[in-house]
Amino acid sequence: MKVKAQISMVLNLDKCIGCHTCSVTCKQTWTNRPGAEYMWFNNVETRPGVGYPKKWEDESHYKGGWKLNRKGKLELRAGSKLNKVALAKIFYNPDMPNLDDYYEPWTYDYQTLFGKESKHQPVARAKSQITGEYMDLTNGPNWDDDLAGSDRSFGEDPNMQSIESDIKGNFERTFMMYLPRLCEHCLNAACVASCPSGAMYKRDEDGIVLVDQERCRGWRFCMTGCPYKKVYFNWNTNKAEKCTFCYPRIEEGLPTVCSETCVGRIRYIGVILYDADRVAEACEEPDDTKLYEAQLGLFLDPNDPEIVEQALADGVDMETIRCAQKSPIYKMAVEQKIAFPLHPEYRTMPMVWYVPPLSPIMNYFEGKNSIKYPEMIFPAINEMRIPVEYLANLLSGGNTEVIKSALYKLAMMRLYMRAKTSGKDFDPEKLDRVGLTEDSATSLYRLLAIAKYEDRFVIPKSKKEKVAPVAEDQGGLGFEQCNGCALAPVHGSMLRKAKAGESTKDIYAESFYGGIWRD
Amino acid sequence: MDNVWGYILWVIFPYVALGSFFFGTIIRLALYGGNITAKSSELLEKKQLMVGSILFHIGIIFVFFGHVVGIFIPKSFTDFLGIPNEVYHMGALVMGGLAGFMALAGMLILSYRRFSNKRVFRTSSFSDLVVNVSFLIVIVLGLSASLIEGTIFHPEFNYRLNLSVWARQLFYFHPDYHLMLQVPIVFRIHVICGLLIFAFFPYTRLVHALTLPWQYIFRRPIVYRKKGLRGRSK
């Protein structure tokens, strides 16, 4: 056994309102520069839908992730090492997405709105951020947000294909949910295994997957390798970039920007201990529907003294172990089994997990005498508006049983709390049927509904005093040519004014004029 | 006067070009290793790239090794093996011609793409354009030298008796420029253009050819990196 620590995230889809705050704050922090305009390290998709890039889940097209070869061994779907050389893929990568699969980024020529007075109402036309030409918009980020154009996008969602056709087009039964997506920081990351230069790596201490900008040679195999299409190519620096799990914040014990700013408090971050020696074995589970359980089997109980001893021997520090013991991730994924990995059938062992949504059924259900007859939820969930099969295709490789038992549990917890707060009677034996007790239901309620900051984020601080400067080790180049980060020159000019002896009051009056910030 | 120019072109210039190649390569790899990439524009355009890039790369690799054979294997060696001169030349012309036309077709497609596709053109640097044009020129010169000038106008010319000898002499620092004066004019221009490409090679995107990821073949799939402990030299 080799114990390793992995920092991971759970998103409670039940509470996601699709506001895109996570995407926007992430973009402001990380991809607000030339070459990165089209990248969304974090994006929120409306499901069913085509996703971003278009149809990213269609691995027969993009060839992402792993498959089992004839001998039952893991192999990259995009082809082995030899195949990359033999088929000249190094000169041309046939499976790489094109800019149009994402969208061509644009801006508006706002100056025309403020120009000289003219006869006609001025209009800001869309201008490509790549060619600078005017363009007609036919695609963009979240083009199918909230089911816009869903008559087209329904059929393009690969998860819909195995569901009976009558649900697909029937608008009376239309359903939707939001799916926020970021890099999964997989245990068996296909992007890392695809990188010819060895520029992509997992950090030993917390498992965050990063691209060393210094070593990246722009071969682009990571883009194909990643089945979630979460590695992007910067056309300006000609290198790959991806979600960094905000590692500079994580090292300080702070949550990622997307989690910090989530208004619905749906995101949880914590540490989980796993057995690195058994990862390959778990990935080679032949049955797609059992991959979720195979991954669960890798996680180790942080309260087991033997595991703690082994973890210390394998170089995991005490603070990380302590955080793992309080980890909300461990509680939701392993103890309560209400969180699931996104597309475990890609065999990458993703580490951003999701609590399946329940809302539509509860609306339908709460008006009726549900507290009196809590067992009603069992048939009700089978007829849920979001088909359980759809959730199972998304979150458990098609295993509907595990999704159902999680939904039963969540629904029963709600009914119990509803009865408790409204002073009604509730037979605690009902809880037993879904594997809850009065205590565990209450604590699950606190974690999911109250979701206190300190319960959601349990992140160990890195021991900076013991390690060399991090920036050097992680590849010091950074994202160069960062001309797009407009704040630096603004603050720079103010700093210069301050140095020249202008008082703060003067600078304020000069820059903050009539309620409008001028730079 | 002819001798002065001969000396400059065939003794001084080759060393300046090769010096620039080695100097630039060392500087680029040692100090600016972080900005070496294949500079792919596949994200912006895919279809033309597929045909152009595969044709060009495979063609140019064969052309490169053809040049290596032509320059470094002396005539005495093939004579020793008993290969007649005519057979050798026919072989070289057919194989070299095929590879050359592959590279030419590829580069024509790639250049057309670079100049006509707005996304690709607007994101190109000046050096990207120079690289495309100079490859076109050098390939056209090379093909016309060996297929037209060498076979029709100067059938008696055998580059292995003078051009290759001179090229080998460069490597032991005794180039005899008189040898190059016997070489027909298109061949000579081709050599100069080729040397120019070597001269700017390390300062342009071409440098990606020197960073083939050999280690990928042997390394384990998942890479872990550990932070260096403080105090350990790094």
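Here is a short tour of the two chains, from chain A to the place where chain A and chain B meet.

Before you click, note that this is a predicted model, where local features need pLDDT of at least 70, side-chain atom pairs count only at pLDDT 80 or more, and totals for chains, interfaces and linings use all residues. Residues are numbered from 1 along each chain as its sequence is written, while chains are lettered from A and ligands numbered from 1 in the order in which they are written.

**Stop one: chain A as a whole.** Select chain A and colour by secondary structure: you'll find 26 helices and 16 strands (DSSP runs, H or I of at least four residues for helices and E of at least two for strands, numbered from the N terminus). Of its 519 residues, 46% are buried (20 or more other C-beta atoms within 10 Å of the residue's own, with C-beta atoms placed from the backbone).

**Stop two: a sheet in chain A.** Now pick out the open four-stranded sheet of chain A, in the order 12-1-14-13 with mixed pairing (strands pair if DSSP finds at least two bridges between them). Strand 12 (267-275) and strand 13 (340-341) of chain A each have a single partner strand, so they stand at the edges with one side lacking a neighbour in the sheet. Strand 13 runs antiparallel to strand 14 (residues 352-355) of chain A, with two bridges between them. Show Pro341(A) and you'll see Trp353(A) opposite, in strand 14 of chain A. Add helix 15 (residues 318-325) of chain A, which packs on the sheet and touches strand 1 (3-12) and strand 12 of chain A. Its direction makes about 115° with that of strand 12 of chain A (axes are lines fitted to C-alpha atoms, for helices over the stretch in contact, and angles run from 0 to 180 degrees between N-to-C directions).

**Stop three: chain B.** Select residues 6-31 and 129-148 of chain B, two of the stretches that UniProt, in an unreviewed entry, lists as "transmembrane region"; such annotations may be inferred rather than shown by experiment. Residues 6-31 of chain B are 100% helix, with end C-alpha atoms 36 Å apart. Residues 129-148 of chain B are 100% helix too, their end C-alpha atoms 28 Å apart.

**Stop four: where the chains meet.** The contact takes 39 residues from chain B and 43 from chain A (C-beta atoms, placed from the backbone, within 7 Å). On the chain B side, helix 2 gives the most, with six residues. Finish on strand 8 (residues 200-203) of chain A, which runs parallel to strand 1 of chain B, joined by two bridges. There, Arg203(A) stands opposite Arg225(B).

Terms used: Buried ≥ 20, exposed ≤ 12 C-beta atoms within 10 Å, placed from the backbone. Contact = placed C-beta atoms within 7 Å.
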